[in-house]
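Below are some notes for a colleague who is opening this structure for the first time. They are set out as numbered points, to be read with the structure in view.

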Amino acid sequence: MTVELPDDLVDALRTAERVVVLTGAGISAESGVPTFREAQTGLWKQYDPRELATPQAFARNPRLVWEWYQWRRELIDKAKPNPAHYALVDLEQYIPSFLLVTQNIDGFHWAAGSRDMIELHGNIARTKCYDEGVLVDTWDDDIGVVPPHCPHCGGHLRPDVVWFGEGISSHLLDTAVEATASSDLFLCIGTSAVVAPAGSFPLVAKRNGVRVAEINPEQTAVSMMADWSLREKAAVVLPALMQRLGLSSNVLGGTSEA
Ligand code: BV8
């Protein structure tokens, strides 16, 4: 599929020294993982993710929230990174100073090979004790105890993700904001930008005179402020951008589902 790429965006990428990329659920859409906007399926159809991804929901019904994350883990385990994830690995190797900030908890960027990255909202593959906050790798998986209990203190285990209403590590936040403010170019990919504080990063870029490119099939609040707004899927645009830059090694390793 051919896609129109603005020459000045390609030139900006060619000459950029420092690039920051923000990704959201949309970059994993072509891996088959539903975004937060899309209606959930099956049993979970009746729930709004933002109602389940909260400490209050877990306090009210820990079993329901734990099982929702188990369902999502199974979805993610069956899926894999797509060409958009691999294209960002190419870009990381091409740009002198690069930082990927993802809102996603699916681990696909790391699996694709990204390393200069921040998982702002945690990672669904990690589990921690709700009470102690420490990561837990193994626990008694005796059937019927859902959520499982922490082997140290007996409290509930929970996914190591940031729920709505929970704070984000100030170190990660400061790193993301400082990198954004001092970058030459900010790419905003597959996010509705409605969730704070990540959704405000494009504005941080603009306020610091950094040009912003958005890749999203739909218009978002970022679209009006973006210097380029590419209304297209990430797994189509990113590989095409990399090929214009003469980079396409990793992309061939990606899936061909785009
Ligand atoms: C914080 C982990 C300080 C969990 C996530 C009132 C009370 C309390 C809090 C608030 C409040 N009002 C605002 C807040 C702050 C709150 C917030 O933003 N709420 C929202 C609902 C308004 N934020 C927080 O609480 C954050 N912490 O602010 O701390 C604080 C503390 C206490 C009280 C106040 C403030 C923590 C936020 C982290 C939440 N955890 N994930 C989990 O996943 O289970 S966020 C979660 O939702 C996802 O990780 C994801 O990041 C986010 C959804 O956003 P997107 O990634 O953009 O996904 P979405 O589906 O929305 O959009 C997908 C886009 O992709 C679409 O635009 C679509 O067009 C596009 N797309 C589709 N296909 C493609 C594509 N693009 C490209 N290619 C394609 N093929």
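1. In this predicted model, helix H4 gives the lining of the second largest pocket its largest share, namely 4 residues. Helix H4, at residues 62-78, and strand E4, at residues 122-129, each contribute at least two residues to that lining.

2. The space inside the second largest pocket comes to about 240 Å³, and of the 16 residues that line the pocket, Trp66, Gln70, Asp141, Val146 and Pro148 are the closest to its centre. Sorted by character, the lining of this pocket is made up of 8 nonpolar, 3 polar and 5 charged residues.

3. Trp66 also deserves attention for its ring, since the structure holds 5 aromatic pairs and one of them brings Trp66 and Trp139 together. The centres of these two rings are 6.2 Å apart and their planes stand at 80 degrees, which is over the 60 degrees required, so the pair counts as edge-to-face. Because Trp66 belongs to helix H4 while Trp139 sits in the loop between E4 and strand E5 (157-161), the pair ties together parts that are 73 residues apart in sequence.

4. The loop between E4 and E5 should be looked at again for its backbone, as Pro147 lies there, and the peptide bond that leads from Val146 to Pro147 is cis, with omega near -5 degrees. Val146, on the other side of that bond, is among the residues closest to the centre of the second largest pocket.

5. Where else does a cis peptide bond join two residues? One joins Ala196 and Pro197, with omega about 0 degrees, and Pro197 is found in the loop between E6 and helix H8 (201-207). The loop between E6 and H8 also holds Ala193, whose phi is near 60 degrees, a positive value in a residue other than glycine.

6. Turning to the sheet, 6 strands make up an open arrangement in the order E3-E2-E1-E6-E7-E8, and their pairing is parallel. Strand E3 (117-119) and strand E8 (228-230) stand at the edges with a single partner strand each, and therefore one side of each is left without a neighbour in the sheet. From one strand to the next, the twist averages 15 degrees.

7. At the E3 edge, strand E2 (residues 97-102) runs parallel to E3 and is joined to E3 by 3 bridges, with Val101 standing opposite Ile118 of E3. Helix H9, at residues 234-244, packs on the sheet and touches strand E6 (185-189), strand E7 (211-215) and E8. The direction of helix H9 makes about 130 degrees with that of E7.

Notes: Residues are numbered from 1 along each chain as its sequence is written. This is a predicted model: local features need pLDDT of at least 70, side-chain atom pairs count only at pLDDT 80 or more; totals for chains, interfaces and linings use all residues. Side-chain values use heavy atoms; hydrogens and water are left out. Two strands pair if DSSP finds at least two bridges between them. Axes are lines fitted to C-alpha atoms, for helices over the stretch in contact, and angles run from 0 to 180 degrees between N-to-C directions. Contact means heavy atoms within 4.5 Å. On a 1 Å grid over the protein atoms alone, a cavity is a set of points where a 1.4 Å probe fits but cannot get out, and a pocket is an open set with protein on both sides within 12 Å along at least five of seven lines; lining residues have an atom within 4 Å of a point. Grid points are joined across faces, edges and corners, and a volume is the space filled by probe spheres set on the points. Ala, Val, Leu, Ile, Met, Phe, Trp, Tyr, Cys and Pro count as nonpolar, Asp, Glu, Lys and Arg as charged, and the others, Gly among them, as polar. Rings of Phe, Tyr and Trp (its six-membered ring) pair if their centres lie within 6.5 Å; planes under 30 degrees apart count as stacked, over 60 as edge-to-face and the rest as tilted.
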